[in-house]
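Please open the model in your viewer and keep the selection panel at hand. The tour proceeds by selections, each followed by an account of what is found there.

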Amino acid sequence: ADTLLSVDSLAVRFGGNEDAFLAVEDVSFDLRAGETLSLLGESGSGKSVTAQAIMALLPRNAAITSGRIVFAGEDLVSLPRSRTRDLCGTRMGMVFQDPLTALNPVFTVGDQIAELFRVRQGLDRRAAWLAAAEVVDAVGIPDARRRLDAYPHQFSGGMRQRLVIAMAIALKPRLLIADEPTTALDVTVQAQIMELIRDLQRETGMSLLLITHDLGVVADVTDRVAVMYAGRIVETGPVRDVYDNPAHPYTRGLMSSIPSLEESPGLLAAIPGMPPNPKERPSGCPFHPRCAFARPVCSVERPALRAMGDRRKAACHFAEEVVRLDPVS
Ligand code: SF4
Ligand code: MG
């Protein structure tokens, strides 16, 4: 299938002068039409910043310092911000962790969703209202037409996230970016929301960029994963290959710390230590202070992200050894 989104050597700097640091460095990946890619990593790994860079939602103190982000043939980095914001309203949709940040408490959900159709598609009031009812129905909210008159606080957390998804997909985007879309929800509802996103993707053929720290959420949904650590991609490949035979010690640590799907406390309990402060990243391989496989070269030489066969890459000097280890129990 055709490449819809191509991120190439992206770097994002935060702060200025002595305070500056790179939150994202040399990040590259492609997303094909209809495909799902999951960016996995702890908070602070750069995965949300990558999404914000794509959507032109970086905070004021952040800037893209190098790289290209090509979406449907247009380089978003060189476009005026207003044009990117426009694309983000129509051809890309975004779902955030907390539905309340995306919904306005003082307007009914019908008003909020119908406004999208009025402003972006020029529908009249009545047509916009009908379109809103249709999309609210499509995300599985019962009795959609009547519920349009309700305010966000009158819905449960799960139903509110369905409304946010309705707004994100209302204009039939080609790309949906979901940043921790289920983290604020309880486990049963999490599964329902992921199923909804998957169904919508199947119906519409949109691509999905899923950002999460939760490996359990990803397993059934995604085609490929890219694991981020300290602002860089450290491993990427088809989800089954990466899960069954991680080639990077950090990924291996993540896998062995997956709790059962029912509980997700202490995701990283199996990896000692903390992710580095982005202003003082370790020399050589940034994972070396936490790595059970580290050897002297690791604190000196940064491993490049390199190909391991056709579809996988890993940034570890000893990836060939790591990938051959027994499966993570
Ligand atoms: Fe560990 Fe060295 Fe590989 Fe880094 S390069 S992940 S420190 S073995
Ligand atoms: Mg985040």
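Select ligand 1 together with its surroundings in this predicted model. There are 13 residues around the ligand, and those that come nearest are Cys285, His288, Cys291, Cys298 and Cys316. Colour this shell by residue class: 10 of its members are nonpolar and three are polar, while charged residues are absent.

Next, select helix 4 (residues 109-121) and helix 5 (residues 125-138). Their axes approach to within 8 Å and cross at roughly 115°, and the crossing is right-handed. To inspect the contact itself, display the side chains of Gly110, Ile113, Ala114, Phe117 and Arg118 on helix 4; their partners on helix 5 are Ala128, Trp129, Ala131, Ala132, Val135 and Val136. By class, nine nonpolar residues, one polar residue and one charged residue make up this contact.

From helix 4, move to Val106, which sits in the loop that links helix 3 (99-102) to helix 4. Is Val106 buried or exposed? Val106 counts as exposed because it has 8 C-beta neighbours inside 10 Å, and the limit for that class is 12 or fewer. Add His153 to the selection and read the C-alpha to C-alpha distance: Val106 and His153 lie 9.5 Å apart in space, with a separation of 47 residues in sequence.

Now select residues 47-54, which form helix 1. This helix is mostly covered, with seven of its eight residues buried: Lys47, Ser48, Val49, Thr50, Ala51, Ala53 and Ile54. Following helix 1 is Ala56, where phi takes a positive value near 55°.

Continue to helix 11, residues 249-256, which is also mostly covered: six of its eight residues are buried. Select Pro249, Tyr250, Thr251, Arg252, Gly253 and Leu254 to see these buried positions. Which elements do they pack against? The partners are helix 9 (215-218), strand 9 (224-229), strand 10 (232-238), helix 10 (239-244) and helix 12 (319-323).

Finally, colour the model by confidence. The average pLDDT of the protein is 90, and 95% of the residues score at least 70. Residues 260-269 have a pLDDT below 50, and this stretch makes 12 contacts in the model beyond near neighbours in sequence. Predicted coordinates should not be read in detail where pLDDT is low. For the model as a whole, the scores are ipTM 0.95 and pTM 0.92.

Methods. Residues numbered from 1 in each chain as written. Chains lettered and ligands numbered in written order. Predicted model: local features only at pLDDT ≥ 70, side-chain atom pairs only at ≥ 80, totals over all residues. Buried ≥ 20, exposed ≤ 12 C-beta atoms within 10 Å, placed from the backbone. Helix = DSSP H or I, 4+ residues; strand = E, 2+ residues; numbered from the N terminus. Near = placed C-beta within 6 Å. Nonpolar A, V, L, I, M, F, W, Y, C, P; charged D, E, K, R; others polar. Axes fitted to C-alpha atoms, helices over the stretch in contact; angles between N-to-C directions. Left-handed = near helix turned anticlockwise from the far one by under 90°. Contact = placed C-beta atoms within 7 Å. pLDDT = per-residue confidence, 0-100.
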